[in-house]
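The following account leads the reader through a single protein model, from one strand outward to the whole. It is best read with the structure in view.

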Amino acid sequence: MAEDTLKQLQETIVAGNIPDLIDLCMRYALEKSASDIHIEPSKSFTRIRVRIDGILRVIVEYPLNLHAGVVSKIKIMSNLKIDETRIPQDGRITTFVGETEVDLRVSTLPTPNGEKVVMRIVDKSKKIPKLSELGIVGHNYKLFESAIKEPNGIILTSGPTGSGKTTTMYSAMSVLNRQEVNILTFEDPIENQMDGLNQSQVRSDIGYTFANGLRTALRQDPDIIMVGEIRDKETIDIAIEASLTGHLVLSTIHTNSAIETITRILNMKVPDFLLTASVNLIMAQRLARRVCSNCRVAQPLSTDAQKKLQDAFTTFEPYEGFDMDALNDPVFYTPNPKGCDECEGKGYKGRVGIYEILDMGSEINNGILKGLPSFELREIAQKEGMITLEQDGLIKAAQGVTTLEEVYKLVKN
């Protein structure tokens with residue numbers, strides 16, 4: 001199906017049909033489950049790339065003489081100023097591609113060769129995965145499931161853009177969504193509409209920010225509040241106030257690890273005693289590509305890889321039900337360079353989450369109140385049973401779900 005769409009797209013470029021070019025580009029991206037479309041002008045041509053499983057791939061190139069028309073058409077669709085090419089602009093498109101309703105967040109950026117356009121795809125037909133399907137397993141799953149069932153407190157999910165934070169929040173919300181509970185969400189944008197939730201779209205251009213939404217939430221008699229992102233001190237202050245007055249607050253924050261989230265909050269001038277009193281759990285996450293189970297190839301471990309594996313688990317505290325023997329003589333895999341029909345020659349198919357979950361227990365809270373540096377807090381957390389991103393990734397690699405290369409591309413070691 002996607003190959004036919006790509007062929008039609010190439011024919012449309014030859015014909016110079018700009019509306020069909022844009023429509024077929026969106027169709028192809030949806031068929032390939034892409035997350036973003038990049039339209040990038042260079043000196044001699046414009047290329048279109050799509051991000052599939054976290055990797056950008058070129059799909060077509062077209063002559064520069066079509067580019068101004070393509071950008072203008074996208075601007076019209078997203079209610080942007082057509083004649084303004086000197087500054088970046090942001091907009092949104094809600095349209096149907098075939099029978100599928102799709103939202104696209106549009107961003108334009110001036111470059112010497114013309115405006116670059118990136119469209120972030122929100123497929124409204126895509127089902128929200130169950131919590132058990134995300135890749136949170138064993139000890140981590142028990143911690144997260146227990147935390148979201150607490151009556152109050154803050155749960156934070158951290159990670160870079162595109163690491164699946166919002167999906168994790170929605171999956172948690174689907175567990176919490178019950179008739180007797182009032183759940184409010186403040187999002188930018190609303191990526192999935194769920195029956196039973198009271199969802200609100202923030203609009204910073206008119207002064208309706210996450211902080212303003214949170215303030216309003218406290219007058220709406222909520223039990224649970226989901227805030228799309230904590231970006232500033234005002235938002236975290238109100239989130240703390242909400243948690244201390246009997247509400248469960250879920251949100252995301254841009255940091256690289258669970259421990260770095262503590263540092264980020266303290267750097268926002270939040271008093272340490274308020275942090276320890278309000279935050280229940282912090283989860284850092286990444287999305288690793290799944291190695292194709294149909295054509296993967298067993299990979300002998302180099303001496304360097306064996307040492308990394310050994311070093312990664314020197315601080316590992318085995319949790320109940322975990323078999324350490326699985327790490328004594330593991331079989332790791334690498335993608336087949338030729339791939340197969342199932343993975344379309346890529347060697348990878350789909351993605352799985354890698355997680356680091358920090359339960360804010362008494363020991364870590366005492367360390368925060370004593371003002372211990374982040375590396376000492378990390379040591380305490382690991383002694384208390386925290387599985388690091390590296391360890392969770394290596395466990396999944398040992399289980400044949402992903403590869404060592406993929407883990408170390410995502411995780412600092």
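Which residues point one way from strand β1, and which point the other way? In this predicted model, Asp 36, His 38 and Glu 40 lie on one side of β1, while Ile 37, Ile 39 and Pro 41 face the opposite way. In a regular strand, side chains alternate between the two faces of the sheet. The residues on both sides of β1 are all buried. Because six of the six residues of β1 are buried, the strand is largely enclosed by the rest of the structure.

The pairing of β1 can be followed on its two neighbours. With β2, the strand pairs in the antiparallel sense over six bridges, and Asp 36 stands opposite Arg 51 of β2. These two strands form a hairpin with three residues between them. With strand β6 (residues 114-123), β1 runs antiparallel and is joined by four bridges; there, His 38 has Val 118 as its bridge partner.

The arrangement continues from β2 to the next strand. Strand β2 (residues 45-52) and strand β3 (residues 55-63) pair in the antiparallel sense over eight bridges, with Arg 47 opposite Glu 61 in β3. They too form a hairpin, with two residues between the strands. Asp 53, in the turn of this hairpin, has a positive phi of about 50°.

Ile 37, a residue of strand β1, gives a closer view of these surroundings. Its relative accessible area is 0%, so Ile 37 is buried. Leaving aside neighbours within four places in sequence, Ile 37 is in contact with Cys 25, Met 26 and Ala 29, with Ile 48, Arg 49 and Val 50, and also with Leu 104, Val 117, Val 118, Met 119 and Ile 121. By contrast, the C-alpha atoms of Ile 37 and Thr 263 are separated by 34 Å, the two residues being 226 apart along the chain.

Just before β1 in the chain, the loop between α2 (18-31) and β1 (36-41) holds Ser 33. The phi of Ser 33 is positive, near 55°, although the residue is not glycine. Most residues other than glycine have a negative phi. Ser 33 has a relative accessible area of 49% and therefore counts as partly exposed. Another residue of this kind is Lys 269, with a positive phi near 70°. Lys 269 is found in the loop between α8 and α9 (272-278), and counts as exposed because its relative accessibility is 66%.

The nonpolar interior comes next. In soluble globular proteins, nonpolar side chains tend to be buried together. Here the largest nonpolar core has 36 residues, and those with the most contacts inside it are Ile 262, Leu 275, Leu 358, Met 360 and Ile 364. Helix α7 (residues 233-244) gives the most to this core, contributing five residues. A second, separate core has 34 residues, including Ile 13, Ile 18, Ile 22 and Val 102.

Ile 364, named above for its contacts in the largest core, also touches residues of helix α12. Not counting residues up to four places away in sequence, Ile 364 touches Ile 259, Leu 358, Asp 359, Leu 377, Ile 380 and Ala 381. In helix α12 (residues 374-383), the residues Leu 377, Ile 380, Ala 381 and Gln 382 are buried. They pack against α8 (258-267), β15 (348-359), α11 (362-369) and α13 (389-398). After α12 comes Gly 385, with a positive phi near 105°.

Helix α5 (residues 165-176) allows a check of geometry. At 1.5 Å a residue, its twelve residues should span 16 Å, and its end C-alpha atoms are 17 Å apart, which agrees. Its buried residues are Lys 165, Thr 168, Met 169, Tyr 170, Ser 171, Ala 172, Met 173 and Leu 176.

The overall picture may now be stated. The secondary structure comes to 14 helices and 15 strands. For 413 residues, a compact globule would have a radius of gyration near 22 Å; the protein has 23 Å, which agrees. Taken along the principal axes, the C-alpha atoms fill a box of roughly 65 × 60 × 40 Å. Of the 413 residues, 49% count as buried. Among contacts between residues at least 6 apart in sequence, 63% join residues at least 24 apart. The protein exposes about 19,900 Å², of which carbon and sulfur atoms supply 47%.

Notes:
Residues are numbered from 1 along each chain as its sequence is written. This is a predicted model: local features need pLDDT of at least 70, side-chain atom pairs count only at pLDDT 80 or more; totals for chains, interfaces and linings use all residues. Side-chain values use heavy atoms; hydrogens and water are left out. A nonpolar core is a set of buried Ala, Val, Leu, Ile, Met, Phe, Trp, Tyr and Cys residues joined through side-chain atoms within 4.5 Å. Buried means under 20% relative accessible area, exposed over 50%, partly exposed in between (1.4 Å probe, protein chains only). Contact means heavy atoms within 4.5 Å. The expected span of a helix is 1.5 Å times one less than its number of residues. The radius of gyration is taken over C-alpha atoms; the globule rule is 2.2 Å times the number of residues to the power 0.38. Accessible areas come from the Shrake-Rupley method with a 1.4 Å probe; for residues, only the protein chains shown count as cover. Two strands pair if DSSP finds at least two bridges between them.
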